[in-house]
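Morning, everyone. I have one structure to walk through today, so let's put it on the screen.

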Amino acid sequence: MGQEIQLIEQIVDRYDSEVGMLIPMMQDLQAKCGYLPTEHIRTLAKTLNVPLSRLYSVATFYSSFRLAPKGAHEVTLCMGTVCYLKGAPNISEAICKEFRVEPGGTTRDRLFSFQAFNCVGACALAPVMIVDGKYYDAVTPQSALEIIHELSPADETVDAAKKEDSA
Amino acid sequence: MISAGTKLTSPADLESFAKKLRSSEDKASRSVRVCIGTGCAAKGSRRLYELFVEAAEQSAQDVTIEAKHVGCHGFCERGPIVVIQPGDIFYQSVEEPDVPEIFRETILGGRVIQRLLYEDPSTGKKAKKAEQIPFYNVQHRIVLANNGIIDPTQISDYIKIGGYAALAKVLTSMTPDQVIEEITKSGLRGRGGGGFPTGLKWRAARDANGGPKYVIANGDEGDPGAFMDRSLMEGSPSSVIEGLTICAYAIGSSQGYIYVRNEYPLAVKHLSLAIDSAREVGLLGNDILDSGFTFDITINRGAGAFVCGEETALMASLEGSTGEPRPKYILPVERGLWSKPSIINNVETLANVPPIIVNGADWFTSLGTDKSKGTKIFSLVGKIKNTGLVEVPMGISLRRIIDEIGGGIRDGKKFKAVQTGGPSGGCIPAEQLDARVDFEELTKLGSMMGSGGMIVMDEDTCMVRLAKYFTDFLQKESCGKCTPCREGLAQMLYILDRITDGEGQVGDVQRLEELAELLEGTALCALGKTAANPVLSTIRYFHDEYDAHILQKRCPAKECRGLFRYEIDAEACKACGICLKECPVGAITGEKEVPHVIDQDKCTLCGTCWDKCPFTAVKKV
């Protein structure tokens, strides 16, 4: 409990308690927790003295915020125009069927969260899939499934991959 | 490299510093530049860079060898790209095992490795330098000039090639009004889509009453199929920062924002680094270059909403709210961010500012057409041979971009249309390929310049489905504030769904047109007003495809499931039995050495046979 207050205070201080920086604050919170936990959001609203409804509206308006924990891995499929033309819908279909997941959802075993982005701006590589920050180019339904099947269920892998990526 | 504590306190300081950097350049006689733009990085170029750094460190030769990573070269199709100095030797599709050979042969030995050079597919001629490659020699790079040359994480690299000279010139010898005059004279227009004259916007903001005033760089590149702004922010972040600083000086602002799309982490990283180092050396902050001018920049990351590319929505987002646009009875230059006079310019527009200031408006107006000056960056993608990022003078024909730079259509297919302007743009058919690329011409054709996505489609693309894709995209991204956009797009999508499912009704095209008119006339913001463009432009140029779907229940491009059949070509079929085994409903019959046949009554059109046939004997008809 105390930890969460401390974290929120830290984040709010970073932006001088400026309500205008609400979105960066929520982004920092999500980066830390992986999602926006209800208790944290409540604390943030109280600390900034803004209605919880405003935070909720922001959290649900922008597609990058999530209110539920994500899987151990992050699989993002680009659905931009070029990827679309080059067969991304078939890849999405294959992933959804194989792992029984919907775009925006997480597999039941929490192996990965699956997201379909509008465009990741890597059109020359189309169709593109990003797994834990690593870009895969010219993906096919088969290769996509192979890549995901190779993911390990361990929780640490995400953090390790992330660290590697940001380094 | 900037040593700790370097502080530039006057324009003369900056100049002598740049000179010093240039003279030290000559000592490092050999260098290898590895592209780490998103395209090349995805193909492993970061590892290549590390290997080159290691090799350079271990080398016993007593020459200075510099390995550096640079922004996107544009030729993403052939990545990873490595360029070696001296000689500007351009290697493409470089892989890890090539590194020792490049190091030994080219960097130390000065010999060219033929196998890594670009080979012109039509003539078979090898190109040693970038400018010998057709993809590059038709281009004219002003904004992208630094990409592929400088290390975007080193501000000294930018200063060395003349960076911040424009800011110094502005601060020492120009009044804000003169700056605005120069930009107005140059005819520079907004590169983010609207094409509004930049000088006029700056003038209005300068004249606006009240303060503080804000300047905002729009890097929320949301159009699917576009990555110009991404590559610019990643490859030459300081160009954007310098442009924004000059804009701030011109309108009298001391606080700027750069709003970057959430999906672009590398752009955020490079911009942050560039801002920090500019602050460190005194090119941002208090009393810049002893001029009394004070300015600083904050980076805000978007949170994944396409509508935030619209200026009033972007400002709402900067204020920490949902990104809903507001009516523009009062323009943002009067009342924008925090209800204060504010300017939003696209990052590409801003990156045009320093070269205009340095070279003069006359130089800029010598490029382009009557009403569209300078160059424009396009991301040339889709079913084209050379995908990548291109910067061309305004007024070049679409045909030259597609055929000469793009190298034509992939796999010997036929060109069908090119889509420009993002989801709110339109499709331009083959008959119009000689059209000149400028703001007016593209609008006349029912499309628009937009931010610069250029998506090429071949005969296998169904235009109705494409219109549906964009409508679906916009319907999801509509913020939901105004009814025409929220409900109108949903209805259009419903009709398009019906058409591509083979249930189109006579009169559907007319209904789409009515809805389109309603949207254009009544939607609140640019997203809604232009949302019908993809539908309208495909109806305009590809009416027969709509008719085929609706009247004959047939998809001419054979993309819409259910509106075409699969058949096995008896001559191509080798009777291997693969399709027979794979068919989930047992619709295929045949024996050894007897061509197989699909039972059309049983077939569910799943396409498995088409996917699996190793001899492409399964045809769509």
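Start with a helix pair. This is a predicted model, by the way. In chain B, the axes of helix H9, residues 198–207, and H11(B) come within 8 Å. They cross at roughly 45°. That makes H9(B) oblique to H11(B), because angles that are not roughly parallel, antiparallel or perpendicular count as oblique.

Which residues meet there? From H9(B), we have Trp202(B), Ala205(B) and Arg206(B). Facing them in H11(B) are Cys247(B), Ala250(B) and Ile251(B). By class, this contact has five nonpolar residues, no polar ones and one charged.

Now the core. The largest nonpolar core has 232 residues. Those with the most contacts inside it include Val128(A), Val82(B), Ile216(B) and Cys247(B). Cys247(B) we just met in the contact with H9(B). Which helix gives the most to this core? Helix H11 of chain B, residues 237–251, with nine residues.

Take Val82(B) next. Leave aside neighbours within four places in sequence. Val82(B) is then in contact with Val32(B), Arg33(B), Val34(B), Leu48(B), Tyr91(B), Val94(B) and Ile102(B). Apart from the largest core lies another, of 11 residues. Tyr566(B), Ile568(B), Cys579(B) and Ile588(B) are among them.

One charged residue deserves a slide. Arg230(B) lies in helix H10 of chain B, residues 228–235. Is Arg230(B) buried or exposed? Buried, because 27 other C-beta atoms lie within 10 Å, and the cut-off is 20 or more. Not counting residues up to four places away in sequence, Arg230(B) touches Gly121(A), Thr38(B), Glu221(B), Tyr264(B) and Ala267(B). Arg230(B) and Tyr91(B) are 139 residues apart in sequence. In space, C-alpha to C-alpha, they are 23 Å apart.

On to domains. Chain B is divided into domain 1 (21–132), domain 2 (162–365), domain 3 (375–458), domain 4 (463–551) and domain 5 (566–620). The centres of domain 1 and domain 2 of chain B, over C-alpha atoms, are separated by 33 Å. Their contact takes five residues from domain 1 and six from domain 2. The domain 1 side divides into two nonpolar, three polar and no charged residues.

Last, the two chains. How many residues are in contact? 30 residues of chain A, with 39 of chain B. Helix H2 (22–33), helix H4 (52–61) and helix H5 (81–85) of chain A each give two or more residues to that side. The chain A side has 20 nonpolar residues, nine polar and one charged.

That's the tour. Over to you.

Methods
Residues are numbered from 1 along each chain as its sequence is written. Chains are lettered from A and ligands numbered from 1 in the order in which they are written. This is a predicted model: local features need pLDDT of at least 70, side-chain atom pairs count only at pLDDT 80 or more; totals for chains, interfaces and linings use all residues. Two residues are in contact if their C-beta atoms, placed from the backbone, lie within 7 Å. Helices (H or I, at least four residues) and strands (E, at least two) are DSSP runs, numbered from the N terminus. Ala, Val, Leu, Ile, Met, Phe, Trp, Tyr, Cys and Pro count as nonpolar, Asp, Glu, Lys and Arg as charged, and the others, Gly among them, as polar. Domain bounds come from an automatic or database domain assignment. A nonpolar core is a set of buried Ala, Val, Leu, Ile, Met, Phe, Trp, Tyr and Cys residues joined through C-beta atoms within 7 Å. A residue is buried if 20 or more other C-beta atoms lie within 10 Å of its own, exposed if 12 or fewer, and partly exposed in between; C-beta atoms are placed from the backbone. Axes are lines fitted to C-alpha atoms, for helices over the stretch in contact, and angles run from 0 to 180 degrees between N-to-C directions. Angles under 35 degrees count as roughly parallel, over 145 as roughly antiparallel, 65 to 115 as roughly perpendicular and the rest as oblique.
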